[in-house]
Amino acid sequence: MLDSDDIGRRRREPAKRAARDEIDMNDRGPVRMKPPKFDYHAPDTVREAVAVLADVGDSAVVLSGGQSLIPMLNLRLARPTDVVDLGAIDGLANLEPVDGGLEIGAMVTHRQMETNDLVASITPLAQHAAGFIGHRAIRNRGTIGGSIAHADPAAEWPAVLLALDGTITLASAETTRTVPGDQFFEALFTTAKRPDELITSVYLSGRFQNSWGFSEFQRRTGDFATVAVAVGCVIATGAVVEARIALAGVAERPVRCPDAEQALIGTRPGRAVDAAIAARDSFEPVGDCHGSTEFRKRLVFAETKRAVTQALGPDLESRANA
Amino acid sequence: MVESQARRFFGSRVSRIEDDRLLRGRGRYVADIELPRELAAKFVRSYEAHASVAEIELGDAVEAEGVHAVFTGADFADSEIRCVSSYEGFQVSAQPILALDRVRFAGEALAMVIADDEYLAEDAAEMVFADLAPLPVVLDLDAALASDAEVLHDGWTDNAYVRRAVKTDGFDKAAAGAPHRLTIDLRNARHGAIPMENRACVADYDRGSNRFTLHTTTQVPHLIRAGLALAMDVPESQIRVIAPDVGGGFGVKAQLYTEEVACCLAARELGRPIKWVEDRREHFVASHHSREHRHRVTGYFDDLGRILALEADIRVDMGAYSVFPWTATMDNGMAMGILPGPYKIREYSATGTPVCTNKTPYGAYRGVARPAACFSIERLIDQIARHRGLDRAEVRRRNLLGADDYPWHSPSGLVYDSGSLAESLESVLQLGEYDVLLTEQAEARAQGRLFGIGLVAFTEQTAHTHQEFKQRGVPIVFGYETAKVRLDASGTAVVSASIHDHGQGLETTLAQIAADRLGLDLDKVRVEYGDTNQVAYGAGTFASRSAVLAGGAVTRAADDVAATLKEVAAHELEAAVEDMVIERGRLSVRGSPVVSIDISELCRLTYQRPERLPEGIEPSLESSRTYDAAPGTGAYTNAAHLSTVEIDPMTGKTAVLTYAIVEDCGPMINPMIVEGQIFGGVAQGIGTALFEEFLYDENGQPQSLTFSDYLIPTSTDVPDFAVAHLETPSPFTIGGIKGMGEGGAIAPGAVIASAIEDALSHLGETVVTDLPLTPERVLTHIDQAIAQGEGQ
């Protein structure tokens, strides 16, 4: 019996080559496909990719793992003129320890984040959160850069990025720049990334590796989060000296909750409940078929309490409670 | 009378013959069929739930790349789907093939684009603009019945398809004399079957012979032929319907759809085959919905919790049109009939109203009305238990029919043939370790956890034939099924049947029966189905009837063929016909097994050496027979389910921890297949209980258009099952077989509701009445229970 990871590895490489050498959709005459018509680009390098984006960026989309984009294309909700496929570019899937944190290539898959030892040791919150993303088939293809660029407010990576004080590195034909996560997510599916830019990597800080928490409410295993909460703390001599609490699914973008973060600072007892109340009272999540605003506020309370309890650890929180 | 014959395969867990093909990806589905010169169809669908059609502007669609034609309602106005119930006062709806002057649900087809391939058709379909003038929408079934509601069909007096009532003579007296009464209102959400394969069809028209061939995803090929003949006014002999491998049906593929008619008409118009493959987004709006029942149920009972009389008002939201062949009264009829369930209830009064609304039309789904009926009666029994301070199992014991009560003439006119209700209940309490669970529950509560136990007993009406369908008022009364058995010259049996196998394992179970009757190995039997040219008539696969009815027909036909074999063999062996024994590929003389002849040799003789046949025997080893299990109200399988749940007190999320089933479907042809059917049914029922709902906004816009918004249970939501069987044969059917294809899906809503209510019962009282039990709804119950508990 083959482990499914082995199957994934064996198949990934040939598929990637095929993308470059054999599939040149623009030269094949009429193309039968479910999405609206678009021009397809498969650049070999980041330089080529950003050159294409400089040319057509305004109405182009970038195809990474395709786990959100392909369904949107097939439902004809996305109607780009051009699709720029990153599948043939080497060097975008590296994981590298830098300055105590982790530099993560944009094409690193969720599954790599879930299974990689560096991720587990330097950013254990990210490793833990990765397991909540979709199902394994989705995690095998979906990428961290793709998720962050897509900026679904209910997705895990944007919230994790905020909780771990992350940054995003963007390349364009002219320049490369790094944007702090706190300034990156602007609105629903909208980020500080310009149309001519490509996310090449993200950086997550390693300073929260000893005190972190993540809790998510999913209707079913693998569903998008109704609410997810990521917590990163720095503890010095028994006291919380820095706290970052980020939430997914509560607003039109991933957000931090300063009031809840403030509630964690120090050594007072009952901080998990205080933070949970603060978080609940900070947001008015929009209701939909998966639950009303009132229901979502209760989830914010529950998941914040759980994530904070995990971050502080049972000893710290129960001692403080005692 | 069916002769006894040694059972070699009947009752054994043989592997499914069809799985070799299906699991290796060698199945052949409708979308796999490619006919020469075929074109693709795409439908333009209404974005309004209720509107008058001002104009359909074809725009550039007609001239778009690859487009051959664009049809609108006027092109097909000579055809319609009209399914008229024989109930007095039934108001008739006529569903156009493409909308004419008015659309009545979001998703109703307005135009049909034909192009070289489905993607070009989809591109062109986007260029069609329908100018629709919105009309007031009618979405809620109770609002639809209000006196000021917009009436949805011309000439109707209100939005009730029909209003029906049944009442036993002694009801009023029994109800008036009962010491206690309890009323509950119950709601089941609109949801559907959601097979893995969406619908698809390929229509071909031969101008030379004026004949249609429709390849389509259906469970009921002969009924589709009948429906097409009516809709297009063409003789049935001019229509051949082929249903190849079908990737799940569960009822949603047991109706005639407008798309099937449209593809046939377009094929005739253009003289080229027309293929249409539904996508999932279309499926959510264009394939029939189900399950949306509201019941008000009143139980009249004594101090011991025994029900003296039962009263029910049943309303079902049947959507915009009456569907063929069931009409719009199917669910109401079934619910009114089966609601008293497995209990010894003599006095009964029920009213029923199928309601027309601006929603997708409503068809069959595994269990048809029985999940809602089971939910109502079982919720009532639980409330009676609480009212009397009794254990839920004990109240059921006091009300269940006993072994001596059969045949039971139910107050709704059904005849229950046999069963083991009390034994099933006791067995499931043992299998599920009820006593242990009660201890576990006490421990869980001490830890602040919400742990509940649900218990349900039910009877599953199966294999109902003419009496049941006559009672339901359908225009075509479904009774018998047909099977043809033929031995070829090589000694191989071909069984052709009017039923259709789309997951039920009938290719295996019918082969098991035929192999036993003909003394053959399983690999010498092939089962064919899904082609109206194979057997003359029949209904198809639905209502848990196929094993019983096709099984009976196969038994009869195979016995005919075996009788001929015996004649030929007796002549050849110079022995008496009545001394012939057919077994393991040979016919031998009773008591002298060495005097024998191979079946394959007999087959060769029969076809190829006619001079050696006994006088009066024709060179034919073929028989076509039908079977209609008298008296036609069905064979009654019964079961008891016991499940445990744990609820997250902070979020209301419910996990199903354990699930035990004791089922009695009579003698099992193949216990492995029986269990597979039960497990699949329970998994779907967990969807009913916890997840599934087609939601609409206030304008009638469907909100559940992807699997992100319409949730079905996945493997992580379904627990492992414990299952045990009892086998009480039916006195009514050949082999004593009962159906069981739907039972699994009937009980879970009631079981899980019972478990959730039980998990909260120590906090305070709350009555669980609405499905699905979403986390938000469960949180509301937790709040109610706590508030009620604190108020005391």
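Me: How many other C-beta atoms lie within 10 Å of A:Arg76?
Reply: This is a predicted model, in which local features need pLDDT of at least 70, side-chain atom pairs count only at pLDDT 80 or more, and totals for chains, interfaces and linings use all residues. Residues are numbered from 1 along each chain as its sequence is written, while chains are lettered from A and ligands numbered from 1 in the order in which they are written. A residue is buried with 20 or more other C-beta atoms (placed from the backbone) within 10 Å of its own, exposed with 12 or fewer, and partly exposed in between. A:Arg76 is partly exposed, and its count is 14.

Me: Which loop holds A:Arg76?
Reply: Most residues other than glycine have a negative phi. A:Arg76 is not a glycine, yet its phi is positive, about 60 degrees. Helices (H or I, at least four residues) and strands (E, at least two) are DSSP runs numbered from the N terminus. By that numbering, A:Arg76 sits in the loop between helix H3 (69-74) and strand S3 (82-85) of chain A.

Me: Is B:Ile194 buried or exposed?
Reply: B:Ile194 is another non-glycine residue with a positive phi, about 55 degrees. Its place is the loop between strand S10 (180-187) and strand S11 (200-206) of chain B. With 20 other C-beta atoms within 10 Å, B:Ile194 is buried.

Me: Why is one side of strand S4 and of strand S7 of chain A left without a neighbour in the sheet?
Reply: Two strands pair if DSSP finds at least two bridges between them. In chain A, five strands form an open antiparallel sheet in the order S4-S5-S10-S6-S7. One side of S4 (95-98) and of S7 (176-180) is free because they stand at the edges, each with a single partner strand.

Me: What angle does helix H2 of chain A make with S10?
Reply: S6 (residues 167-171) and S10 (residues 198-204) of chain A pair in the antiparallel sense over five bridges, with A:Ala171 opposite A:Leu198. Helix H2 (residues 46-56) packs on the sheet and touches both strands; residues are in contact if their C-beta atoms, placed from the backbone, lie within 7 Å. Axes are lines fitted to C-alpha atoms, for helices over the stretch in contact, and angles run from 0 to 180 degrees between N-to-C directions. The direction of H2 makes with that of S10 an angle of about 120 degrees.

Me: Which helix gives the most to the largest nonpolar core?
Reply: A nonpolar core is a set of buried Ala, Val, Leu, Ile, Met, Phe, Trp, Tyr and Cys residues joined through C-beta atoms within 7 Å. The largest one has 342 residues, and A:Leu247 and B:Val554 are among those that touch the most other members. With 13 residues, the leading contributor is helix H15 (residues 546-573) of chain B.

Me: Which helix gives the most to the side of chain A that touches chain B?
Reply: The contact takes 16 residues from each of chain A and chain B. Four residues on the side of chain A come from the leading contributor, helix H13 (residues 293-321).

Me: Where is B:Pro407?
Reply: Most peptide bonds are trans. The bond joining B:Tyr406 and B:Pro407 is cis, with omega about -10 degrees. B:Pro407 lies in the loop between helix H10 (392-399) and strand S18 (408-409) of chain B.

Conventions:
Contact = placed C-beta atoms within 7 Å.
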